[in-house]
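Trainee: I am new to this structure. Please walk me through it.

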Amino acid sequence: MASLSPSLHLPCNSRTGFLGKTQGIRPRVTPVGRVGFVRTVVECKESRIGKKPIEVPSNVTLTLEEQFVKAKGPLGELSLSYPGEVKVVKEESGKLRLFKTAETKRANQMHGLFRTLTDNIIVGVSKGFDKRLQLVGVGYRAAVEGNDLVMNLGFSHPVRMAIPEGLKVKVEENTRIIVSGYDKSAIGQFAATIKKWRPPEPYKGKGIRYADEVVRRKEGKAGKKK
């Protein structure tokens with residue numbers, strides 16, 4: 001039998017006409033050249049947030065020691081440790097700047113993150129932060145009793161929460177809760193714990209929500225048409 005291609009030969013076999021069996025087609029394998037890869041080095045862009053300078057107010061005292069910063073102000077004292085990918089420098093003008101020590105993806109992420117955290121501790125000890133929550137529902141109300149926040153949220157018993165040290169809680173008109181302090185992460189954590197007791201439901205909007213939160217509502221079941 002004549003060959004079908006230069007690299008394929010079919011030996012004659014009269015006992016079977018199926019070419020896929022062992023004694024059928026025997027292709028000749030031709031080696032193929034190696035595939036080459038080109039390695040390119042991609043440089044990470046500098047974070048737009050990380051490269052912004054940080055203003056230090058006159059009423060804040062900073063202590064800078066290598067990878068450690070301590071800020072002391074009229075409201076309290078906070079400190080922050082930096083990873084090896086980030087370096088903090090105090091300029092002659094008094095401003096703080098953060099720089100990357102490596103060109104990696106993680107260094108780019110840490111650059112922007114720790115610039116924000118540094119700004120938070122400086123603003124926190126000088127001006128402070130607050131988080132506002134709103135109680136929505138019939139009979140829902142809150143009050144501060146000593147060092148506890150007491151809320152009636154439709155359970156068989158009131159919910160009593162101890163206020164963490166360093167935070168202040170104020171209740172206005174029985175339904176507005178204001179959590180304030182100098183540590184932004186502690187404020188956010190305590191506010192999230194309060195909201196967790198009664199997250200807003202999507203049909204009537206009842207529950208605890210942030211003051212600036214928009215609750216997406218759902219349409220309830222429609223009655224039977226007459």
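**Overall picture**

Mentor: Contacts (heavy atoms within 4.5 Å) are the place to begin. Of the contacts in the protein with a separation of 6 or more, 48% join residues 24 or more positions apart. This is a predicted model: local features need pLDDT of at least 70, side-chain atom pairs count only at pLDDT 80 or more, and totals for chains, interfaces and linings use all residues. Residues are numbered from 1 along each chain as its sequence is written, and side-chain values use heavy atoms, with hydrogens and water left out.

Trainee: How many helices and strands are there in the protein?

Mentor: Both are DSSP runs numbered from the N terminus: helices are H or I with at least four residues, strands are E with at least two. The protein has 2 helices and 14 strands.

Trainee: What percentage of the residues count as buried?

Mentor: Buried means under 20% relative accessible area, exposed over 50%, partly exposed in between (1.4 Å probe, protein chains only). The protein has 226 residues. The buried part is 29%.

Trainee: In what order do the 4 strands of the open sheet stand?

Mentor: Two strands pair if DSSP finds at least two bridges between them. In this sheet the pairing is antiparallel. Strand 12 (167-172) and strand 14 (207-210) each have a single partner strand, so one side of each lacks a neighbour in the sheet. The order is 12-13-8-14.

Trainee: Which residue is the bridge partner of Leu 133 in strand 14?

Mentor: Strand 8 (residues 129-136) runs antiparallel to strand 14, and 4 bridges join them. Across from Leu 133 stands Tyr 210.

Trainee: Which helix lies across strand 8, strand 12, strand 13 and strand 14?

Mentor: Look at residues 184-196. They run at about 10 degrees to strand 8; angles go from 0 to 180 degrees between N-to-C directions, with axes fitted to C-alpha atoms, for helices over the stretch in contact. The element is helix 2.

Trainee: Which element gives the largest share of the largest nonpolar core?

Mentor: A nonpolar core is a set of buried Ala, Val, Leu, Ile, Met, Phe, Trp, Tyr and Cys residues joined through side-chain atoms within 4.5 Å. This one has 21 residues; Leu 133, Met 151, Ile 177, Val 179 and Ile 194 touch the most other members. Strand 8, strand 10 and strand 13 are among the elements that give two or more residues. The largest share, 4 residues, comes from helix 2.

Trainee: Which residue in the hairpin turn between strand 10 and strand 11 has a positive phi?

Mentor: Strand 10 (residues 148-152) pairs with strand 11 over 4 antiparallel bridges. There are 6 residues between the two strands. The phi in question is about 90 degrees, and the residue is Gly 154.

Trainee: Which residues lie on the covered face of strand 11?

Mentor: In a regular strand the side chains alternate between the two faces of the sheet. In strand 11 (residues 159-162), Arg 160 and Ala 162 are on the uncovered face. Met 161 is the bridge partner of Leu 149. The covered face holds Val 159 and Met 161.

Trainee: Which helix packs on the sheet of strand 3, strand 4 and strand 5?

Mentor: That open sheet has the order 3-4-5, with antiparallel pairing. Strand 3 (61-65) and strand 5 (77-81) are its edges. The packing helix spans residues 105-126, and its direction makes about 170 degrees with that of strand 5. The answer is helix 1.
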